[in-house]
Amino acid sequence: MPKMVLEAQIVSNIEIGVNVKELVLYTPEIAVQAVPGQFLHVRVNNSYHPLLRRPLSISNTDGEAGTVSTIYRVVGQGTAYLAALHARDSVNVMGPLGNGFALKGQRPLLVGGGMGLAPLVFLAGALCPRPIEILMGGRTKEEMFWEDMFRTMCTGIHITTDDGTLGRCGVTLDVLPDLLKNNVFDMIYTCGPRIMMEGVAKLAREHNIPCQVSLEDYMACGIGGCLSCTCATSNGSRKKVCADGPVFWAQEVIS
Ligand SMILES: Cc1cc2nc3c(=O)[nH]c(=O)nc-3n(C[C@H](O)[C@H](O)[C@H](O)COP(=O)(O)OP(=O)(O)OC[C@H]3O[C@@H](n4cnc5c(N)ncnc54)[C@H](O)[C@@H]3O)c2cc1C
C-alpha cells in the first residue's frame, strides 16, 4: 500500500476532553486507503523544531467526505503545537503508516486504556455488525468521553476508572477475568499502557483466545528506516514497531 506525504487541510481541531482534542483532516487519498490500526505521522509545524514528526493513530475515516480523524492528548511540545492549529490551517502528514488489525472472530472483545482507545474506535466500526464488547479504562470520569463513541457500535460496554467516578473502581485487568469466565469471546484486541496489554495478553493466552496488541513505542522516521522503535520478539529477532506493526499478535511481542 503506498505511503503518502501530503499537505492536509484541517477541517476541525476541537477539544473533546480535558487536554484531549480530535483533529479532523481533509485528506481523501489517505481516507480511502487507511485501515484500522494504522497511523499518521504528523509534522506539527513548518519549522525544524521539533524535528521529528509525531505518530497518531487513525481513529476514523470518512471516505465520502475525504476525512481522516485522530484523537490526541496534549502531553508535550509537539502535541501543544498541534493543539494550537485551527480549521483551514494545514499540516504535513505521512500515511497511512503501519499495518492494521486482522479482522477476525465473531465475538470480539476490545480492551483499551487511556489514549489507547483511539485506534479501537476505528476498529469497532470495521468489526460492526458483529456483536462487539469493549472494556475501557481511564483515570477518572472526565477521561471517559469515549463511551459515547462506542455506544452505537458495541453490544456491551464495561468501564473502569482509577478513582471509581465511573464504572468499576480499579483497572481493566480487575474486570477482565470475569468477562473471560464464560468463554464467549473468540478474539481480543488491545491498546493502551504496556502493563495493561501484558496482562490482557496473559489472560488471553490462558483462555486460548487469539489476541492482537497495538504498541505505541517511541518512533522517529515512522517508515522502518531508522530502527529507533524496534522491539524484541519471542523468537529472538527484532521487529520495527512502525513498519512491521504497530499491531502484532500478542505471542510475538509479549512473552
Ligand atoms: C503508533 C503510535 C500511535 C499513537 N497514537 C496516539 C493517539 O492516537 N493519541 C495520542 O494521544 N497519542 C498517540 N501516540 C503517542 C503520541 O505519539 C505522543 O503522545 C506524542 O508523540 C507526544 O509528542 P509531544 O511532543 O507532545 O510530547 P513529548 O515532548 O515528545 O513527550 C511528552 C510526554 O509524553 C510521553 N510520550 C511521548 N511519546 C510517547 C509515546 N509514543 N508513548 C507514550 N508516551 C509518550 C513522554 O514520555 C513524555 O512524558 C501514539 C504513538 C505511537 C507510536
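**A walk from the sheet to the core**

Let's begin with the strands: seven of them pair in antiparallel fashion to make an open sheet, and their order across it is β4-β3-β7-β1-β2-β6-β5. The edges belong to β4 and β5 (60-62); each has a single partner strand, so one side of each has no neighbour in the sheet. If you follow the sheet from one strand to the next, you will meet a twist that averages 35 degrees. Keep in mind as you look that this is a predicted model.

Now zoom in on one of those edges. Strand β5 runs antiparallel to β6 (residues 67-73), and three bridges join the two. You can pick out one pairing by eye: Thr61 has Val68 in β6 as its bridge partner.

Next, find the loop that lies between β3 (39-43) and β4 (54-57), because Tyr48 sits there. Is Tyr48 buried or exposed? Its relative accessible area is 63%, and residues over 50% count as exposed, so Tyr48 is exposed. Together with Leu51 and Leu52, Tyr48 makes a nonpolar surface patch of about 370 Å².

That patch is on the surface, but in soluble globular proteins nonpolar side chains tend to be buried together. For a buried group here, turn to the largest nonpolar core, which has 31 residues. The members that touch the most others are Leu109, Val111, Leu176, Leu180, Ile188, Val213 and Leu215. At least two core residues come from each of β7 (90-97), β8 (108-113), α5 (172-180), α6 (194-206), β13 (211-214) and α7 (250-253). Which element gives the largest share of this core? Helix α6 does, with six residues.

Conventions:
Residues are numbered from 1 along each chain as its sequence is written. This is a predicted model: local features need pLDDT of at least 70, side-chain atom pairs count only at pLDDT 80 or more; totals for chains, interfaces and linings use all residues. Side-chain values use heavy atoms; hydrogens and water are left out. Patches are made of residues with over 30% relative accessible area and no salt bridge: like charges are joined within 9 Å, nonpolar side chains (Val, Leu, Ile, Met, Phe, Trp, Tyr) within 5 Å. Accessible areas come from the Shrake-Rupley method with a 1.4 Å probe; for residues, only the protein chains shown count as cover. A salt bridge is a side-chain nitrogen of Lys or Arg within 4 Å of a carboxyl oxygen of Asp or Glu. Helices (H or I, at least four residues) and strands (E, at least two) are DSSP runs, numbered from the N terminus. Buried means under 20% relative accessible area, exposed over 50%, partly exposed in between (1.4 Å probe, protein chains only). Two strands pair if DSSP finds at least two bridges between them. Axes are lines fitted to C-alpha atoms, for helices over the stretch in contact, and angles run from 0 to 180 degrees between N-to-C directions. A nonpolar core is a set of buried Ala, Val, Leu, Ile, Met, Phe, Trp, Tyr and Cys residues joined through side-chain atoms within 4.5 Å.
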